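Reader: Hi! I'd love a close look at a single part of this model rather than a tour of everything. Could you pick one, walk me through it, and explain your terms as you go?

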Amino acid sequence: ADQTVEETLAQLQASREEIRRVAAGMTDADLDRPTWFPFIFGMGDGWVPARMPLGFCITHDWSEFMQLRIHSGAKAPVPSPGITNQYLGAMIGMAFPMALDKEAADGDEFTAVFAFSDPGVSSFTIRVADGSAVAEPGQETDADLVITESAETFEKAFRGITSFPEAMQAGDIQVSNMEGLAKFGTLFPMQ
């Protein structure tokens with residue numbers, strides 16, 4: 001509470017410079033070396049390939065940047081499609097499989113697609129089968145549900161800045177069918 005904005009920005013810059021310094025000396029092979037990561041998405045500490053915490057820096061910064069844009073009402077600058085794809089792949093690829101209600105999914109098959117309206121941003125497909133969920137880039141053509149939105153709207157709904165129903169009512173989210181959406185909500189009862 002006693003840290004000034006200037007001190008906070010200086011600390012942020014120093015952290016970024018340290019990451020740049022370490023990454024600059026790394027080879028591609030170094031990205032696969034184990035490194036200690038004190039934050040593995042709610043699963044505790046652990047040893048992971050070095051690429052994971054570096055990727056986390058990118059995805060975390062994307063999220064923080066987008067939230068800053070949302071709260072300030074700014075529309076620019078826009079993150080690159082590559083960074084946006086990396087963020088969406090990480091969030092969809094981890095959050096939804098972790099949130100799956102395995103009991104509701106037992107013996108069921110379901111496919112949902114997040115289709116993004118942003119230029120150059122990939123769609124992501126979540127497949128539920130045999131009580132587990134897998135998410136991957138691409139758009140399944142015969143999906144049970146397609147959710148179409150912008151990456152910014154995804155972030156707003158995912159972070160609770162706006163509710164999914166409010167975004168649908170505003171026209172920021174379109175769904176291919178309401179029955180599929182109800183099933184999605186049963187399979188992924190995210191708060």
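Author: Happy to. Two strands count as paired if DSSP finds at least two bridges between them, and strands (E, at least two residues) and helices (H or I, at least four residues) are DSSP runs numbered from the N terminus. This is a predicted model, in which local features need pLDDT of at least 70 and side-chain atom pairs count only at pLDDT 80 or more, while totals for chains, interfaces and linings use all residues. Residues are numbered from 1 along each chain as its sequence is written, and side-chain values use heavy atoms, with hydrogens and water left out.

Let's look at the sheet, and at strand S3 in particular. The sheet is open and has five strands in the order S5-S4-S3-S6-S7, with mixed pairing. At its edges are strand S5 (132–137) and strand S7 (174–175), each of which pairs on one side only.

Strands of a sheet pair through backbone hydrogen bonds, either parallel or antiparallel. S3 shows both: S3 and S4 run antiparallel and are joined by five bridges, while S3 and S6 run parallel, also with five bridges. Alanine 112 is a handy landmark for both partners. Its bridge partner in S4 is isoleucine 126, and in S6 alanine 112 stands opposite leucine 145. Moving outwards, strand S6 (residues 145–149) pairs with S7 in the antiparallel sense over two bridges, and isoleucine 147 has valine 175 of S7 as its bridge partner.

How covered is S3? Seven of its seven residues are buried, where buried means under 20% relative accessible area, exposed over 50%, and partly exposed in between (1.4 Å probe, protein chains only). In a regular strand the side chains alternate between the two faces of the sheet. For S3, Phe110, Ala112, Phe114 and Phe116 are buried on one side, and Thr111, Val113 and Ala115 are buried on the other.

Threonine 111 sits in strand S3, and it counts as buried because its relative accessible area is 14%. Leaving aside neighbours within four places in sequence, threonine 111 is in contact (heavy atoms within 4.5 Å) with Thr125, Ile126, Arg127, Glu140, Ala143, Asp144 and Leu145.

Helix H3 lies across strand S3 (110–116), strand S4 (124–129) and S5, at about 15° to S4. Axes here are lines fitted to C-alpha atoms, for helices over the stretch in contact, and angles run from 0 to 180 degrees between N-to-C directions.

The rings around this part deserve a look too. A pair of aromatic rings is described by the distance of the centres and the angle of the planes. Rings of Phe, Tyr and Trp (its six-membered ring) pair if their centres lie within 6.5 Å; planes under 30 degrees apart count as stacked, over 60 as edge-to-face and the rest as tilted. The whole structure has 13 aromatic pairs. Tryptophan 62 and tyrosine 87 make a stacked pair, 4.1 Å centre to centre with 20° between the planes. Tryptophan 62 belongs to helix H2 (residues 51–72) and tyrosine 87 to helix H3 (residues 81–99), 25 residues apart, and both are buried. Phenylalanine 96 and phenylalanine 184 form a tilted pair, at 5.8 Å and 45°. Phenylalanine 96 is in H3 and phenylalanine 184 in helix H7 (residues 178–187), so this pair ties together parts 88 residues apart in sequence. Ring pairs also bring S3 in: Phe114 and Phe116 are among the members of a cluster that includes Phe96 and Phe184.

Just past S6, serine 150 is found in the loop leading to H5. It counts as buried because its relative accessibility is 18%. Beyond its neighbours within four places in sequence, serine 150 is in contact with Phe116, Ser117, Asp118 and Asp172. Threonine 153 then lies in helix H5, and is buried, with a relative accessible area of 7%. Not counting residues up to four places away, threonine 153 touches Ala167, Asp172 and Ile173.

Finally, H2 and helix H5 (residues 151–158) pack at about 90°, with their axes 10 Å apart. That makes H2 roughly perpendicular to H5, a label for angles of 65 to 115 degrees; under 35 is roughly parallel, over 145 roughly antiparallel, and the rest oblique. Tryptophan 62 turns up again, as one of the H2 residues in this contact.
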